[in-house]
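Thanks for coming, everyone. Please pull up the sequence and the structure, and follow along as I go.

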Amino acid sequence: MVTLAEVAQHAGVSASTVSYVLSGKRSISAGTRQRVERSIKELGYHPNAGARALASNRSNIIALMIPLRTDMYMPVMMEIAIAVATTARAHGYDVLLLTGEEGPDAVRRVTGSGLADAMIPMDVELDDERLPLLRGSDRPSVLIGLPADTTGLTCVDLDFGATGALCVEHLAKLGHRDIAVIGESPGVYERHTGFAERTLDGLRARSRELGLRLLHRPCEGGYDAMSVTLARIFDERPGTTGFVVQNESAVEPLLALLRQQGRAVPEDVSVVAICPDQLAMQASVHLTSVAIPAQEMGRRAVELLVAKLEGQGTDEVVLLPPELTVRASSGPAPSTA
């Protein structure tokens with residue numbers, strides 16, 4: 001294992017000069033810096049992480065908080081996590097993944113132990129219990145998600161309110177007047193998870209403006225739960241011709257059940273999903289959808305956090321605009337076809 005002294009000997013400088021190049025604590029001439037950096041690269045030297053943390057009072061680690069729950073769609077969460085990890089690495093940071101449902105205790109653990117320099121909490125609720133601790137912490141944070149009150153916080157998310165409105169507008173333009181929303185599992189709404197609540201707000205507000213009838217039903221996902229939910233929808237609103245689905249595990253069961261009932265998509269009913277593009281394209285009917293920009297969310301969160309760590313960031317809310325892609329699952333309502 002190459003030592004700092006060996007780097008210094010190879011570069012023809014003192015060990016303290018190598019240390020100053022690595023830490024940036026003192027100004028070093030460009031020629032000397034280049035010579036040291038060349039020796040570091042040629043010898044394959046890697047500074048000891050523990051010693052570097054003690055010297056700089058920094059761990060160069062970002063804590064990513066993803067409470068793993070059974071009602072979450074993990075492919076999207078993992079896509080965000082990968083984007084966070086790769087972007088952090090490009091900026092010289094590693095990522096510590098915290099997956100427990102610890103809430104405020106996880107924040108206290110990070111801030112109290114110095115495990116990480118900064119935090120990225122996910123699965124944000126409207127009145128998230130972690131927020132007071134995040135606001136009062138000397139460790140910077142960026143939320144992937146949007147609480148009800150964003151004062152003193154930096155947040156990145158898809159604009160889910162605009163997403164709901166966009167789905168309704170698309171179906172309304174096709175002549176659909178009775179729309180059913182197949183939502184996330186009941187637990188997501190019981191926790192007042194931000195993305196689900198804001199989507200629902202956008203759906204309802206735009207439906208009222210356009211004079212549409214909207215019915216929202218949470219669903220656990222899976223064939224059996226979807227069968228019960230769909231039966232309830234058609235019992236309550238037999239004239240339903242448009243569906244908005246914000247539940248990845250309910251997409252394929254819904255399409256299968258509609259086929260079994262002799263309801264053709266999109267001739268009899270139209271389906272719009274809020275889901276990753278890959279899922280929309282792999283469905284038995286290619287779905288008109290609003291994509292979840294998971295990679296962009298993860299990348300932007302890290303960039304905002306690094307700016308804060310470098311003393312350049314300010315509190316802000318970044319909402320990514322939704323984009324609806326029309327595919328084979330949406331068409332004119334039967335009465336207007």
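Is histidine 192 buried, exposed or partly exposed? At 42% relative accessibility, histidine 192 counts as partly exposed. Keep in mind that this is a predicted model.

Let me stay with that residue. Histidine 192 sits in the loop between α9, residues 186-190, and α10, residues 194-210. Its phi is near 55°. That is a positive value in a residue other than glycine.

Now arginine 191. Arginine 191 is in the loop between α9 and α10. Arginine 191 is buried, with a relative accessible area of 19%. The cut-off for buried is under 20%. What does arginine 191 touch, leaving out residues up to four places away in sequence? The answer is Arg69, Asp71, Asp123 and Glu125.

Take Asp123 from that list. Aspartate 123 belongs to the loop between β3 and α7, where α7 is residues 131-136. Aspartate 123 has a positive phi, near 50°, and is a residue other than glycine. Aspartate 123 is buried, at 10% relative accessible area.

On to strand β3 itself, residues 118-121. Which β3 residues are buried on each side? On one side, Ala118 and Ile120. On the other, Met119 and Pro121. So both faces of the strand are covered. β3 pairs with strand β1, residues 61-65, in the parallel sense, over four bridges. Within β3, proline 121 stands opposite methionine 65.

Next, the core. The largest nonpolar core has 47 residues. Those with the most contacts inside it are Ile80, Ile120, Ile144, Leu203 and Val244. Where does the largest share of this core come from? Helix α14, residues 294-309, supplies eight residues. Apart from this core lies another, of 26 residues. Leu215, Phe243, Leu255 and Leu287 are among them.

Look at isoleucine 80. Not counting residues up to four places away in sequence, isoleucine 80 touches Met122, Ile144, Ala294, Met297 and Gly298.

Isoleucine 80 is also one of the buried residues of helix α5. The others listed with it are Val76, Met77, Ala81, Ala83, Val84, Thr87 and Ala88. They cover an arc of only 160° around the axis, which puts them on the same side of α5. The face turned away from that side carries the exposed residues Ile82 and Ala90. What do the buried residues of α5 pack against? They pack against β1, β2 (94-98), β3, β4 (143-144) and α14.

A quick check on the length of α5. The helix runs over residues 74-90, which is 17 residues. At 1.5 Å a residue it should span 24 Å. Its end C-alpha atoms are 24 Å apart, which agrees. After α5 comes glycine 92, with a positive phi near 90°.

Helix α3 is another case to go through. α3 covers residues 30-43, 14 residues in total. From first C-alpha to last it reaches 20 Å, close to the 20 Å expected at 1.5 Å a residue. Its buried residues are Thr32, Val36, Ser39 and Ile40. Seen down the axis, they fall within an arc of 100°, so they line one face of the helix. On the other side, Ala30, Lys41 and Glu42 are exposed. Glycine 44 follows α3, and its phi is positive, near 70°.

Now the sheet. Strands of a sheet pair through backbone hydrogen bonds, either parallel or antiparallel. Here six strands form an open sheet, in the order β7-β6-β8-β9-β10-β12. The pairing is mixed. Why do β7 (213-218) and β12 (324-325) each have one side without a neighbour in the sheet? They stand at the edges, each with a single partner strand, so one side of each is left open.

Inside that sheet, β9 (residues 270-274) and β10 (residues 288-290) pair in the parallel sense over three bridges. Valine 272 stands opposite threonine 288 in β10.

Two helices lie across these strands. Helix α8, residues 160-173, lies across β6, β8, β9, β10 and β12. It runs at about 165° to β9. Helix α12, residues 251-260, lies across β6, β8 and β9. It runs at about 160° to β8.

One last stop. Proline 266 lies in the loop between α12 and β9. The peptide bond from valine 265 to proline 266 is cis, with omega near 10°.

Methods
Residues numbered from 1 in each chain as written. Predicted model: local features only at pLDDT ≥ 70, side-chain atom pairs only at ≥ 80, totals over all residues. Heavy atoms only, no water. Core = buried A, V, L, I, M, F, W, Y, C linked by side-chain atoms within 4.5 Å. Buried < 20%, exposed > 50% of the residue type's maximum accessible area, 1.4 Å probe, protein only. Contact = heavy atoms within 4.5 Å. Pairing = 2+ DSSP bridges. Axes fitted to C-alpha atoms, helices over the stretch in contact; angles between N-to-C directions. Expected span 1.5 Å × (residues − 1). Arc of directions from axis to C-beta.
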